[in-house]
Structure formats: structure tokens, C-alpha cells
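Got your viewer open? Keep the selection tool handy, and let's take a walk through this chain one stop at a time.

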Amino acid sequence: MIVQFVLSLLIAFNVVNMHNQFVSAIYTALNALLEPMLRPIRKIMPNTGAIDFSPLVLIVGLNVLIMILSAVARSVAVY
């Protein structure tokens, strides 16, 4: 997810070129894997132009979910 986020930023700022076959193959594969998780976030978020912040939102959301689940697990295990 982090690689996809950084790669999308590099593409948006023309640091790397999508005409490069290696970059294009990695970006396409990562998008195919992450798109089912990112699509609902993109529908909710406002359009920010060339920069896609949905991977960042997904990372933060997953971290919040991990914190909640670990707190629940700790409270259940103490009984």
C-alpha cells in the first residue's frame, strides 16, 4: 500500500514516467490488488486532482481498526 501511494505521488509529480514498462507493470499490479479496498474510499473523498490520498486514508483506517481490536482483545482476555 505504501509503495502504491509513493509511486502514485511520483507519477503525479512526473518524477517517474508511466511509459517505462517496469513502472507501469508495478503500478498496474498494485492497483489491481488494492482497488477493491480503495474504491469505496475514493467515492467518499472529494476529488483532490492528480494526488490520490485514498491509500493514506486506508492505512490510517487500518491502524485505527488494529488499535480498536487490540483493546477489545485485551479487555476480553482479562476477565
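How many salt bridges does the count come to? Hold that thought while we sort out the ground rules. This is a predicted model, where local features need pLDDT of at least 70, side-chain atom pairs count only at pLDDT 80 or more, and totals for chains, interfaces and linings use all residues. Residues are numbered from 1 along each chain as its sequence is written, and side-chain values use heavy atoms, with hydrogens and water left out.

Now the reply: the count comes to three salt bridges. A salt bridge here is a side-chain nitrogen of Lys or Arg within 4 Å of a carboxyl oxygen of Asp or Glu. We'll visit them in a moment.

**Stop 1: the whole chain**

Show the protein chain as a cartoon. You should find three helices and zero strands, running α-α-α from the N terminus on. The radius of gyration is 16 Å, well over the 12 Å that the globule rule gives for 79 residues, so the chain is more spread out than a compact globule. (That radius is taken over C-alpha atoms, and the globule rule is 2.2 Å times the number of residues to the power 0.38.) The C-alpha atoms fill a box of roughly 60 × 25 × 20 Å along the principal axes. As for the helices, they are DSSP runs (H or I, at least four residues), while strands are E runs of at least two, and both are numbered from the N terminus.

Next, color by pLDDT, the predictor's confidence in each residue, from 0 to 100. The chain's mean is 89, and 97% of its residues reach 70 or more. Among the elements, helix α2 (residues 21-44) has the highest mean, 93, and helix α1 (residues 2-12) the lowest, 85.

**Stop 2: helix α1**

Select Gln 4, Phe 5, Leu 7, Ser 8 and Ile 11: these residues of α1 are buried. They cover an arc of only 170 degrees around the axis, which puts them on the same side of α1. The arc is that of the directions from the helix axis to the C-beta atoms. Now pick Ile 2 and Val 3, which are exposed on the other side of α1. Buried means under 20% relative accessible area, exposed means over 50%, and partly exposed is in between (1.4 Å probe, protein chains only). Across the chain, buried residues make up 19% of the 79 residues.

**Stop 3: Asn 14**

Step just past α1 and click on Asn 14, in the loop between α1 and α2. Its phi is positive, about 55 degrees, although Asn 14 is not a glycine. Asn 14 is also exposed, with a relative accessible area of 68%.

**Stop 4: the salt bridges**

Move to helix α2 and show the side chains of Arg 39 and Glu 35. They meet in a salt bridge of 3.8 Å, N to O. Both lie in α2, four residues apart, about one turn of the helix. Arg 39 is partly exposed at 42% relative accessible area, and Glu 35 counts as partly exposed at 23%.

Which residue does Glu 35 form a salt bridge with at 2.5 Å? Add Arg 42 to your selection: the closest N and O atoms of Glu 35 and Arg 42 are 2.5 Å apart. Arg 42 also pairs with Asp 52, where the closest N and O atoms are 2.6 Å apart. That pair links distant parts of the chain, with Asp 52 in the loop between α2 and α3 and Arg 42 in helix α2, ten residues apart. Asp 52 counts as partly exposed at 22%, as does Arg 42 at 28%. Select Glu 35, Arg 39, Arg 42 and Asp 52 together and you have a network of salt bridges.

**Stop 5: a nonpolar patch**

Switch on the surface and select Phe 53, Leu 56, Val 57, Val 60, Val 64, Met 67, Ile 68, Val 72 and Val 76. Together they make a nonpolar surface patch of about 750 Å². Patches are made of residues with over 30% relative accessible area and no salt bridge; like charges are joined within 9 Å, and nonpolar side chains (Val, Leu, Ile, Met, Phe, Trp, Tyr) within 5 Å. The areas come from the Shrake-Rupley method with a 1.4 Å probe, and for residues only the protein chains shown count as cover. Phe 53 sits in the loop between α2 and α3 (54-78).

Last click: Arg 74, in helix α3. Arg 74 is exposed, with a relative accessible area of 55%. Its C-alpha atom is separated by 15 Å from that of Val 64, ten residues apart along the chain.
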